[in-house]
Amino acid sequence: MNKKLVLWSITVGLGGLLFGLDVAVISGAEQAIQKLWGLSDLMHGTAIAMALYGTAVGAALGNIPANKIGRKKTLLWIGLLFFITSLGAALSPGVYLFMFFRFVGGLAIGASSVVAPVYISEIAPPKYRGRMVISFQLNIVAGILVAYLSNYLLQGFGGVDDWRWMLGVVAIPSLVFSALMLFTPETPRWLVLYKKDYAAAKQVLLLTGEATDSMIDQIKNSVSSTKEALFSKKFYKPLVLAFLIAFFNQLSGVNAIIYFAPKVFEMAGIQRSGALLSTVGIGVVNLIFTITGWYLIDRFGRRTLMYIGSFGYILSLSLIAFSFNGTDHSMIVYYVFVFIAAHAIGQGAVIWVFLSELFPNSVRASGTSFGCLTHWAFAALVAQVFPYFAANVPGAYIFGFFAFMMVLQLLYVWKMMPETKGVALEDMGSNIVLH
């Protein structure tokens, strides 16, 4: 595979690093914020979930600039938005301004979760598309690990204001990402479909090793001359598939653990410093098994990884629930690590690839936006209510519920999920068949 394609996919994948940093860095700050501003459990959940509400909006709207000004320019502006909002949240004097900057930062997260996978899928040869798109997920988990490690190292660095330093570090890679985006090209599919710049599209397509003239004809012919509506009977199947994979992703409880990992460990009786250190373990496990998923996704396919992840979810969540139901909580940390491994090799590896592949060219950006909107809307809901439930409901019930939802996910994979491995994007519409 051409080195330039790899370099461009890595560069765009760095949007995932910002995504992961911004998502996970709050775990080290959320308890300090609650104490500083005297927040109730409900207000605490709202302050933390505000970024996710913004993310849901950003996911819903991310396809608009991606189609209007292009994938490349949209990603450049996303990097700048990360820079401004990370500094704004870190310097906020009160909770309402903090929530404003977190909401706007969420817009950047949501848009990046749509545009980056779409960009990579549109420059990738079908044979390598899974591994190239998963570079976005690799960067997300790398960002989560960096956030957890940064939080651990910065505890006490600024005294009671150490949380400001934790949030502010996101500004540095944000500028680097925006600068690197200046050196990446626009995707050939956007150039053909929206700008009619066939010469520029050919230059990128040549690097994929495919016949450029015939590929450009396929791209043009893959879109109807009349504008197609996403929410129509024609796209019913991919819409249902996108909604369910995103729904189950969040009803696993993964963002409850990512956002509130120290709180979960403290529920198990671990002191705060040990809890922060344990979150670094989450980051390491997440990275290792995401790399494993990257290696396997184009070899074994998307469904196989989802099967592995589903069984791992059910086992680990059941063990966490049983442990909370007893008096010995010493194994919960290790069961959480198993849960994160199951997520990384299953849903974590598959979701962004699957959503970016699922819809045909005519509605890919808007279809991916729908899937991401579903993902982030349920992520916001989980983050909103988790502090209340953690304070008022036994952990056995919380994680037992998540385990039950993963049994339903297993049925989804078995009965509904199609395999998209190796299918050309232009052929995807005719290949989405319910199993």
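Me: Which residue forms a salt bridge with Arg302, and how far apart are the closest N and O atoms?

Reply: This is a predicted model. A salt bridge is recognised when a side-chain nitrogen of Lys or Arg is within 4 Å of a carboxyl oxygen of Asp or Glu. Here the partner of Arg302 is Glu357, with the closest N and O atoms 2.4 Å apart. The pair links distant parts of the chain, since Arg302 belongs to helix α16 (residues 302-325) and Glu357 to helix α18, 55 residues apart. Shared partners join Asp298, Arg302 and Glu357 into one network of salt bridges.

Me: Are Arg302 and Glu357 buried or exposed?

Reply: Both Arg302 and Glu357 are buried. Glu357 is also one of the buried residues listed for α18, a helix in which twelve of twelve residues are buried.

Me: How many salt bridges does the structure hold, and which residue meets Arg71 in one?

Reply: The structure holds five salt bridges. In one of them, the side chain of Arg71 meets that of Glu122 at 2.8 Å, N to O. Arg71 lies in helix α5 (residues 71-90) and Glu122 in helix α6 (residues 95-123), so this contact ties together parts that are 51 residues apart in sequence. Both Arg71 and Glu122 are buried. Another salt bridge brings together the side chains of Arg164 and Asp161 at 3.5 Å, N to O. Asp161 is partly exposed, as its relative accessible area is 30%.

Me: How should the crossing of α7 and α18 be read, and at what angle do the axes cross?

Reply: A helix pair is read from the approach of its axes, their angle and the handedness of the crossing. The axes of helix α7 (residues 129-154) and helix α18 (residues 347-358) come within 8 Å and cross at roughly 125°. Therefore α7 is oblique to α18. The crossing in which α7 passes α18 is right-handed.

Me: Where is Gly130 found, and what is its relative accessibility?

Reply: Gly130 is found in helix α7. Gly130 counts as buried because its relative accessibility is 0%. The C-alpha atoms of Gly130 and Arg299 are separated by 9.4 Å, although these residues are 169 residues apart along the chain.

Me: Which residues form a nonpolar patch on the surface?

Reply: The patch consists of Val57, Leu61 and Ile64, which together have about 240 Å² of accessible area. Leu61 is placed in helix α3 (residues 41-61). With a relative accessibility of 47%, Leu61 counts as partly exposed. As a general guide, an α-helix has 3.6 residues a turn, so residues three or four places apart point the same way.

Methods
Residues are numbered from 1 along each chain as its sequence is written. This is a predicted model: local features need pLDDT of at least 70, side-chain atom pairs count only at pLDDT 80 or more; totals for chains, interfaces and linings use all residues. Side-chain values use heavy atoms; hydrogens and water are left out. Patches are made of residues with over 30% relative accessible area and no salt bridge: like charges are joined within 9 Å, nonpolar side chains (Val, Leu, Ile, Met, Phe, Trp, Tyr) within 5 Å. Accessible areas come from the Shrake-Rupley method with a 1.4 Å probe; for residues, only the protein chains shown count as cover. Helices (H or I, at least four residues) and strands (E, at least two) are DSSP runs, numbered from the N terminus. Buried means under 20% relative accessible area, exposed over 50%, partly exposed in between (1.4 Å probe, protein chains only). Axes are lines fitted to C-alpha atoms, for helices over the stretch in contact, and angles run from 0 to 180 degrees between N-to-C directions. Angles under 35 degrees count as roughly parallel, over 145 as roughly antiparallel, 65 to 115 as roughly perpendicular and the rest as oblique. A crossing is left-handed if the near helix is turned anticlockwise from the far one by less than a right angle, and right-handed if clockwise.
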